[in-house]
Amino acid sequence: MSSIAIQPLTRAVRFYEAPIGKKAVMAVTGIVLTGYVVAHLLGNLQIYSSNPEQINKYAAFLHNPANAAALWAARGVLLLCVILHITAACQLWLQNRAARPFRYYKKDDVPNAYAARTMICSGPIIAAFVIFHVLHLTSGAVVRLQEIGPNEPNVRANVILGFSHYPAISAFYILAMGLLCLHLYHGVWSMFQSVGASHPRYTPMLKRVAAIAAILILLGNISIPIAALAGWLTY
Ligand code: HEM
């Protein structure tokens with residue numbers, strides 16, 4: 001292989017080795033994962049549709065064998081984003097620790113230190129939540145899942161029973177959603193900072209937009225276990 005062909009690869013590796021390269025990977029994968037969280041929430045909110053069959057029709061569409069290639073491609077992209085996001089986060093944390101073995105925070109750094117601590121704590125709990133969640137509502141390893149027919153999960157019944165019969169599971173979901181809200185808020189915020197978009201004029205507005213988006217995602221997500229526990233949803 002000629003040295004001309006190697007150059008772009010070498011440049012990409014060098015870029016990734018610098019903190020800004022890892023932050024860029026975290027930002028891009030974070031955007032993809034946040035997009036999934038929003039799309040998934042919009043799909044789940046169909047549980048409130050006046051047509052009780054709506055959410056099951058949607059699930060049947062996703063599980064239709066004709067859409068299998070697209071579904072597995074999307075799953076592959078998501079998994080790759082999760083792996084890259086976690087790898088870059090761990091490497092950045094180790095790099096920062098090596099560069100600054102003794103912690104010293106100026107007064108102005110306190111919110112940033114708090115945000116960094118929140119990210120390090122919330123990240124692994126969210127990862128654990130996603131693994132539990134897939135075992136719970138996709139594979140049926142936690143509670144037995146109901147099906148309407150082949151490739152037709154009874155998502156409505158699975159969600160309502162999965163939450164209303166198991167308050168401890170609902171509590172774990174609500175806790176994880178709270179941490180996800182903080183993670184999204186700080187993640188969006190540090191992304192703006194990484195790309196140098198913090199500006200005294202726009203910073204308060206950007207922070208408010210990030211907070212409102214994270215809170216809306218939190219309310220939408222926790223409304224489902226709460227509504228199931230309260231008996232407001234029937235199947
Ligand atoms: C209360 C909130 C949530 C509810 C009710 C819910 C519901 C569901 C259901 C019913 C499924 C299975 C769908 C199917 O088999 O067609 C599912 C799958 C999944 N959910 Fe959630 N979800 C919630 C929150 C989340 C969050 C916050 C995340 C990510 C952080 C997430 C990530 C996933 C993933 C990765 C899958 C597997 C998708 C696949 O099989 O391709 N969910 N969810």
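The following conversation goes through ring contacts, a surface patch and a polar contact in this predicted model.

Visitor: What kind of model is this, and what counts?
Guide: It is a predicted model, in which local features need pLDDT of at least 70 and side-chain atom pairs count only at pLDDT 80 or more, while totals for chains, interfaces and linings use all residues. Residues are numbered from 1 along each chain as its sequence is written, and side-chain values use heavy atoms, with hydrogens and water left out.

Visitor: How many aromatic pairs are there?
Guide: The count comes to 4 aromatic pairs. Rings of Phe, Tyr and Trp (its six-membered ring) pair if their centres lie within 6.5 Å; planes under 30 degrees apart count as stacked, over 60 as edge-to-face and the rest as tilted. One of the pairs is Phe129 with Tyr173, which is edge-to-face, at 5.0 Å centre to centre and 90 degrees between the planes.

Visitor: Where do Phe129 and Tyr173 lie?
Guide: Phe129 lies in helix H5 (residues 110-138) and Tyr173 in helix H7 (residues 167-194), so the pair ties together parts that are 44 residues apart in sequence. Helices (H or I, at least four residues) are DSSP runs, numbered from the N terminus.

Visitor: Are those two buried or exposed?
Guide: Both Phe129 and Tyr173 are buried. Buried means under 20% relative accessible area, exposed over 50%, and partly exposed in between, with a 1.4 Å probe and protein chains only. For Tyr173 the relative accessible area is 5%.

Visitor: Which pair do Phe163 and Tyr173 form, stacked or edge-to-face?
Guide: Phe163 and Tyr173 are edge-to-face, at 4.8 Å centre to centre with 85 degrees between the planes. Phe163 is in helix H6 (residues 155-164), 10 residues apart from Tyr173 in helix H7. Phe163 is buried because its relative accessibility is 3%.

Visitor: Which residues make up the cluster?
Guide: Ring pairs link Phe129, Phe132, Phe163, Phe172 and Tyr173 into a cluster.

Visitor: New topic. What sits over the ring of Trp72?
Guide: The charged end of Arg75 does, 4.4 Å from the ring centre. Lys22 lies over the face of Tyr16, at 5.1 Å from the ring centre. A charge sits over a ring if NZ of Lys or CZ of Arg is within 6 Å of the ring centre and within 35 degrees of the ring normal.

Visitor: And where is Gln46?
Guide: Gln46 is in the loop between H2 and helix H3 (54-63). With a relative accessible area of 17%, Gln46 is buried.

Technical notes:
Helices (H or I, at least four residues) and strands (E, at least two) are DSSP runs, numbered from the N terminus.
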